[in-house]
Structures are given as structure tokens and as C-alpha cells.
Amino acid sequence: MTKGYFGSFGGRFIPETLVEPLNELENELNKALKSADFKDKLSYYLKNYAGRPTNLYFAENLTKIFKGPRIYLKREDLCHTGSHKINNTLGQVLLAKMLGKKRVIAETGAGQHGVATATAAALFGIKCEVYMGEEDVKRQELNVFRMKLLGAKVIPVKSGSKTLKDAINEALRDWVTNVSDTFYCIGSVMGPYPYPFMVRYFQSVIGQEARRQILRLEGRLPDYLLACVGGGSNSIGLFHPFYKDKSVKFIGLEAAGAATLSKGKIGYLHGMKTYVLQDKNGQISSTHSISAGLDYPGVGPEHSFYKETGRAEYYPVNDAQALYGFKLLSEHEGIIPALESSHAVAYLKTLSPKLSKKDIVIVCLSGRGDKDADSVRSLIK
Ligand SMILES: *Cc1c(COP(=O)(O)O)cnc(C)c1O
């Protein structure tokens, strides 16, 4: 494979001014990943601060309800700050710290990545500024306040649709201008090379643990892995360590109103070649999902590669189905899932009837649902 690409996807489609910074990032990342000091520090914080390893929990009640496969939940909802996002921000902000950067910037949609970046920045004592679309600032008041409590500055973005994609554009612009002292912490397996590889590295801890855990619990590999796909980081984190295990099937669940892989076309967005939701003229489409974390018109390039090569399958899940998954897990396992993760839970209803009692399914529970209490209040009876 060409460096920086997954098949024909990925690469670097960026302004000239970002070439040097991205080369520097690539070099420093390669050094860090070979350094015992960096890896030891990261493991230390993942264990003692973020709470890893997370449990691989046998969902006995769901297994009974669906009368089919044995269902396990990879409990990323138990991580500090409530989702898998902290795996990535601890890695990137630790790298920023070791590079002597004075300032970390990030983009955020729902605010989860912003909160996770602000958390890591507070921990490592680096100044943090987060770009967030003005619409999202209004919709996600609680997370805006959390970031402020953590000492970060939230910068509302007034351009375009005033949502995540515009926040990413602004963050890239900031990085071009302030690259000497600033580190850009991207929140998913997206953006120009080496970001998709770097974020995959930090999130692969999910799949590495799950692989060990299922071998210990069941004595064999699972048949299916299920995860929701926004930018694609919790899913790649779970899938990638099983890539070579051809008997393990990957299924990614997208929000029906932002189903980039199910309904998009190949194009360019935020520095990468990948599937993009766009109209006939190549204009980026507006998206909708009940879960802000899946509301993105692009997707990490590795997923485009998995789709093209048939390594993974991707299906849309609509808002009503996601709410069903949300209620199901809350009422029958006592676990309130994030609306994003609920998309993956909901798909069990479609998949289970096709499987037997011998099959094993692992669902990535990417986050907890406290943040969604307000959005579901009016929708659930
Ligand atoms: C951000 C987020 C997602 C979507 O992002 P990915 O990069 O696709 O993982 C999913 N679940 C939760 C809980 C999130 O916070």
C-alpha cells in the first residue's frame, strides 16, 4: 500500500503550508511509538487515569431476549469522561506535551471530544482551545460548561452550517497560522495522513483488550463485531486488531441521516480522500442524527477501504431504531448507553435472528448516555 493510504483512500489533500507540520508530526509520532518512555507513560495513564482495561461484559439478559448469539459488550462507557474519546486524547496530548507544544486545539461536534481534550490538557498542564459550531454550542450547553470548568476556552464558529464540519475547517486554519507552538488534536480516524493512522493506534487498545478478553472467556474469537460509525474511531479501534482474523465479520452502523458509507460518493473532505455525502455538484450535504456524535458528512478513509474491499459491511440505523436500542439496554441490562452506541445495540434485533446460539457477537458500547438525557426526555414515554 502507498504510504498514507488505505488502498486508494486517505492521503493528504491540504494547503502547502500544512505539508511541513504534517511531516514533523509523522516523524515525531514514529519516534514516540518506538520510545519505551512514551509507551510506558501512555499505558500508565490509560490504566490509572482512564480506568483501562474496560470490561468485556456478557450481556446475559440481551442474550436471552434475542434467543440467538452470545452477546458481549465492550464497556467503553466506563472510561473516564464517559466514552472512548479519552483513549485518543491522552495519546495525542501526551505527544504534544513531549514535543514541548504550549497549546492544544481541537474541534468538537457534540462536545465529547472537546471535553476529552480539555481533560487531557488539564492533566498535562497545556492550554486548550476548542472550536465548536455556534449551533452545537447552543445544543450542547452542558458540555460547553464542562470544557470551561476544565479550564478550556470554547470558540464558537459562525461560518457555514455552524456545525462540526465548519469547526474542523476553523481548527485547520488556526493550526496553519500557529503551528510552531500549537498541536491539533483531531477527534476521530480522519483528516490528512498521519492522523487516521495515529488515532487508530491510540484507539486500537479497545480491540486488543477485547481480543484477549474473549479468548479468555470463550476460548475462541468472536463471529461478529458491531460498532457505530461517526468519524469511525471506536469502530476502527475495535475492528483493526481483528483485521487478519478473516472469520471475524465487521459491521459498522451509521446514522440513517448521515449514512456516508451507505449513501455517499467518493470525494475529498478535510484533507482526505474518502466517502462523502455530497450533492450532484460536489457540495457537502447537510446531515441529521439524533446523536450529534454521528452527525458528520465524511468518514475515516480506512472505513472506505473496508467497504470497497468487503472487509466490513455498513448499514444505516434510523433515530427510532436508535431510541429502541437506548431503551432496551437501559431497561434490560441497567446500562444507559450513548445515543451513538445505541445504533449498534439496535442492530442486534436485525442480526440475531440470522445467527445461532453458538455465535458470539461483541458490541462496542462507545459511551454512556447521561449526556443524552435531555434529548431523549421528550421522545421516550
Ligand atoms: C464521538 C462519539 C462517537 C462517534 O465517533 P467515532 O469516531 O465514530 O467513534 C461514538 N460514540 C460516542 C459515545 C462518541 O462520543
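This report describes the surroundings of the ligand and the aromatic ring pairs in a predicted model.

## Ligand site

The ligand sits in the largest cavity, where 17 residues surround it, the closest being K85, S188, G232, S233 and S366. By residue class, the shell around the ligand consists of three nonpolar, 12 polar and two charged residues.

## Polar contacts and burial of the ligand

Oxygen atoms of the ligand approach polar atoms of the protein in several places, including both side chains and backbone. In the side chain of H84, an N or O atom is 2.9 Å from a ligand oxygen, while for the side chain of K85 the corresponding distance between an N or O atom and an oxygen of the ligand is 2.7 Å. With G232 the partner is a polar backbone atom, which lies 2.7 Å from an oxygen atom of the ligand. Taken alone, the ligand exposes 390 Å², of which the protein buries 96%.

## Aromatic pairs

A pair of aromatic rings is described by the distance of the centres and the angle of the planes. With ring centres required to lie within 6.5 Å, the count comes to 17 aromatic pairs. One of them joins F305 and Y306, whose ring centres are 6.4 Å apart and whose planes meet at 50°, so this pair is classed as tilted. Because the cut-off for burial is under 20% relative accessible area, F305 counts as buried at 12% relative accessibility, and Y306 likewise counts as buried at 1%.

Y315 and Y347 form a stacked aromatic pair, with 5.4 Å from centre to centre and 10° between the planes.

Methods:
Residues numbered from 1 in each chain as written. Predicted model: local features only at pLDDT ≥ 70, side-chain atom pairs only at ≥ 80, totals over all residues. Heavy atoms only, no water. Near = heavy atom within 4 Å. Polar contact = N/O pair within 3.5 Å; in protein donor to acceptor, adjacent residues only side chain to side chain. Areas by Shrake-Rupley, 256 points an atom, 1.4 Å probe, with all protein chains shown as cover. 1 Å grid on protein atoms, 1.4 Å probe; cavity = no way out; pocket = protein on both sides within 12 Å on 5 of 7 lines; lining within 4 Å. Sits in = over half its atoms within 2 Å of the grid points. Nonpolar A, V, L, I, M, F, W, Y, C, P; charged D, E, K, R; others polar. Phe/Tyr/Trp six-rings, centres within 6.5 Å; stacked < 30°, edge-to-face > 60°. Buried < 20%, exposed > 50% of the residue type's maximum accessible area, 1.4 Å probe, protein only.
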